[in-house]
Amino acid sequence: MLNPLTAISPLDGRYRDKVTALADYFSEYALMRTRVRVEIEWFIFLCNVLKLSGTRKLSTEEVRVLNAIYLEFDVTDAERVKDFEKTTNHDVKAIEYFIKEHLNAYPQIATMGEFIHFACTSEDINNLSYGIILNEFMTTLFTPMVTGISAEMEFIAKKYKSVPMLARTHGQPATPTTVGKEFAVFMTRIKSQLAILGRLPAPFGKINGASGNFNAHIVAYPKTDWIGASKKFVESLGLTWNAHTTQIEPHDHLAEIFHSCIRINTILIDASRDIWNYISIGYFKQKTKAGEVGSSTMPHKVNPIDFENAEGNLGLANALFDHMALKLPISRMQRDLTDSTVQRNIGSAFAYSVLAYKSLLKGFSKLGLNHAALEKDLDENWEVLAEPVQTVLRRYKVAGAYELLKELTRGKRVDKKTFQSFIRKLKIPAGDKKRLLALTPATYTGLASRLVDLSS
């Protein structure tokens with residue numbers, strides 16, 4: 001049994017408990033189980049749908065027996081497959097032999113055993129298996145988790161939609177915003193990417209033989225509509241049929257999925273860095289937990305480790321996604337094996353993503369707004385009001401409006417007294433002068449609060 005302390009990968013070691021759920025999708029055992037499912041489903045399809053000569057219609061009980069082979073597939077079964085693979089040195093052929101061995105207990109079905117893996121190349125089984133796995137994972141785990149992050153951002157956005165905050169463009173004090181609006185920006189970006197991901201069709205699949213032309217199929221059964229049969233079978237698995245392939249499904253659609261994941265993760269890297277900076281300048285405090293330490297030597301430290309861990313793992317995930325998206329659509333001639341070893345790492349890319357998502361959610365739960373720090377920062381930067389003043393002056397065609405405010409504020413700290421003294425001397429209508437005198441950095445947030453409402 002694997003000891004997490006001796007694992008090579010931290011996914012199977014240090015972080016195992018956080019990504020255990022992914023083993024049901026991306027472990028070798030899970031891949032074997034899904035391959036068995038595809039082989040069984042194809043066999044049933046040949047017998048009960050195509051009704052090929054040499055087969056016969058399977059009874060309800062026989063279908064149940066066959067389905068049980070993959071529904072009840074366990075680790076012991078997987079180990080038996082590995083026994084076959086030691087001899088075959090071929091993982092998919094080992095699946096075929098495993099199923100045939102299993103059918104020995106059912107002689108009436110076993111007489112049709114040669115229709116297991118009938119007219120299939122191994123990639124017919126593989127591409128459909130990966131398609132099923134990815135489709136189920138995206139639907140049941142990935143999309144709900146990213147949606148949960150978006151929902152948490154929306155909660156924070158609404159909670160703090162009217163809390164003013166000094167913006168920092170180029171890291172320097174800039175036109176104020178609100179805390180909520182900045183979270184709404186990230187939330188709407190994630191929602192947009194989820195919508196794009198949601199519009200993608202189900203993963204593509206093919207079952208058309210060694211070069212994608214149904215060569216062996218048509219020789220064995222020349223009167224069968226193999227093109228129609230292929231489409232019907234692939235779609236019965238919840239996948240999108242691809243009629244034009246080589247020996248392999250070209251993986252272009254996998255690249256689309258991975259690039260969508262990259263964009264989602266990139267947005268979350270952006271959010272992680274911004275929140276890290278907000279914590280650094282004191283806008284957010286982090287809740288502490290008894291027993292935890294932030295530094296082995298500095299007792300006072302409460303480090304933003306959740307957002308740092310998220311950023312690091314999102315980077316790892318994107319490196320893998322990027323390689324897979326660029327590599328998988330490329331295959332020499334009609335097939336080479338470079339995609340096989342790469343696809344085995346799909347689970348790693350998603351595992352690093354899930355690690356990051358869990359860190360972000362944990363980080364969000366520990367954030368507490370430091371109102372005093374936000375207010376102090378705004379009050380110390382009255383120079384940010386140079387923008388509205390020069391804009392009002394432009395309205396009244398005051399020559400050199402921008403330059404007047406530049407002279408007053410650029411590279412300088414301006415306090416309330418200095419700023420209001422400058423405004424009182426302006427030759428503009430009394431109503432505008434009154435509005436400018438009433439303006440403070442904390443009230444100069446434009447339509448930020450309304451924009452949060454629009455983002456819902």
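This passage looks at three residues of a predicted model, namely Thr177, Ala119 and Met333.

Thr177 is a good place to start. This threonine sits in strand 2, which runs over residues 172-178. Its relative accessible area comes to just 7%, so Thr177 counts as buried, the cut-off for that label being under 20%. As for its surroundings, once residues up to four places away in sequence are set aside, Thr177 touches Val163, Pro164, Met165, Ala167, Glu182 and Thr445. Glu182 turns up again when polar contacts are considered: the side chains of Thr177 and Glu182 are joined by one of 2.6 Å. Glu182 is thus listed among the residues touched by Thr177 and also takes part in a polar contact with that buried threonine.

The other two residues come from loops, and here the backbone is the point of interest. Ala119 is not a glycine, yet its phi is positive, at about 60 degrees. The loop that holds Ala119 links helix 7 (107-110) and helix 8 (122-159). With a relative accessibility of 22%, Ala119 is partly exposed, because that value falls between the 20% and 50% cut-offs.

Met333 also has a positive phi without being a glycine, in this case about 50 degrees. Met333 is found in the loop between helix 13 (305-327) and helix 14 (338-343). Its relative accessibility is 72%, which is over 50%, so Met333 counts as exposed.

Taken one by one, then, Thr177 is buried, Ala119 is partly exposed and Met333 is exposed.

Definitions and conventions: Residues numbered from 1 in each chain as written. Predicted model: local features only at pLDDT ≥ 70, side-chain atom pairs only at ≥ 80, totals over all residues. Heavy atoms only, no water. Helix = DSSP H or I, 4+ residues; strand = E, 2+ residues; numbered from the N terminus. Buried < 20%, exposed > 50% of the residue type's maximum accessible area, 1.4 Å probe, protein only. Polar contact = N/O pair within 3.5 Å; in protein donor to acceptor, adjacent residues only side chain to side chain. Contact = heavy atoms within 4.5 Å.
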